[in-house]
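Me: I have a model open and want to go through a few spots in it. Can you take my questions one at a time?

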Amino acid sequence: MEKTLSTHVKELCAERSISLKGLAEKMGIKPESLSRTLNGNPQLSTLENIAKALGVGVAELLTGGRSCEPLTSDFTALVVNGKKTYLFHSKSDLKDWIHSID
């Protein structure tokens with residue numbers, strides 16, 4: 001099951017006992033801007049700012065902080081569909097997701 005960028009950021013915030021509002025304040029932006037970013041198509045620089053505020057790398061941000069686990073596959077796909085961003089670590093998961101949106 002794929003998770004969105006928004007889900008990963010919420011998980012990382014929960015692990016750090018910080019609210020999304022607190023994260024936005026730490027980044028120096030309005031909570032509404034952070035919400036639009038998490039549910040939209042953020043630029044790399046924005047992802048870097050979010051990751052920095054959470055004290056993680058961009059890879060950890062995209063994977064929910066679990067990129068330190070060894071990957072069992074050499075395949076990773078980042079897909080932006082509409083206003084959601086998805087991360088897949090296998091071709092079969094990506095194919096299943098593609099078929100689910102047809």
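Me: What phi does G28 take, just after α2?
Reply: G28 takes a positive phi of about 80 degrees, and it comes just after α2. This is a predicted model, where local features need pLDDT of at least 70, side-chain atom pairs count only at pLDDT 80 or more, and totals for chains, interfaces and linings use all residues. Residues are numbered from 1 along each chain as its sequence is written, and side-chain values use heavy atoms, with hydrogens and water left out.

Me: At what angle do α2 and α3 pack?
Reply: About 105 degrees, with the axes of α2 (residues 20-27) and α3 (residues 31-38) 8 Å apart. The two are therefore roughly perpendicular (65 to 115 degrees). Helices here are DSSP runs of H or I, at least four residues.

Me: Which residues meet there?
Reply: From α2, L20, K21, L23, A24 and M27; from α3, P31, L34 and L38. By class, that contact has seven nonpolar, no polar and one charged residues. Contact means heavy atoms within 4.5 Å.

Me: Which residues of α2 are buried?
Reply: G22, L23 and A24 are buried, meaning under 20% relative accessible area with a 1.4 Å probe, protein chains only.

Me: And what covers them?
Reply: The cover includes α1 (5-15), α3 and α4 (44-54).

Me: Switching to T37. Why does T37 count as buried?
Reply: Because its relative accessibility is 17%. T37 is found in helix α3.

Me: What is T37 in contact with, leaving aside neighbours within four places in sequence?
Reply: P42, T46 and I50.

Conventions:
Axes are lines fitted to C-alpha atoms, for helices over the stretch in contact, and angles run from 0 to 180 degrees between N-to-C directions. Angles under 35 degrees count as roughly parallel, over 145 as roughly antiparallel, 65 to 115 as roughly perpendicular and the rest as oblique. Ala, Val, Leu, Ile, Met, Phe, Trp, Tyr, Cys and Pro count as nonpolar, Asp, Glu, Lys and Arg as charged, and the others, Gly among them, as polar. Buried means under 20% relative accessible area, exposed over 50%, partly exposed in between (1.4 Å probe, protein chains only).
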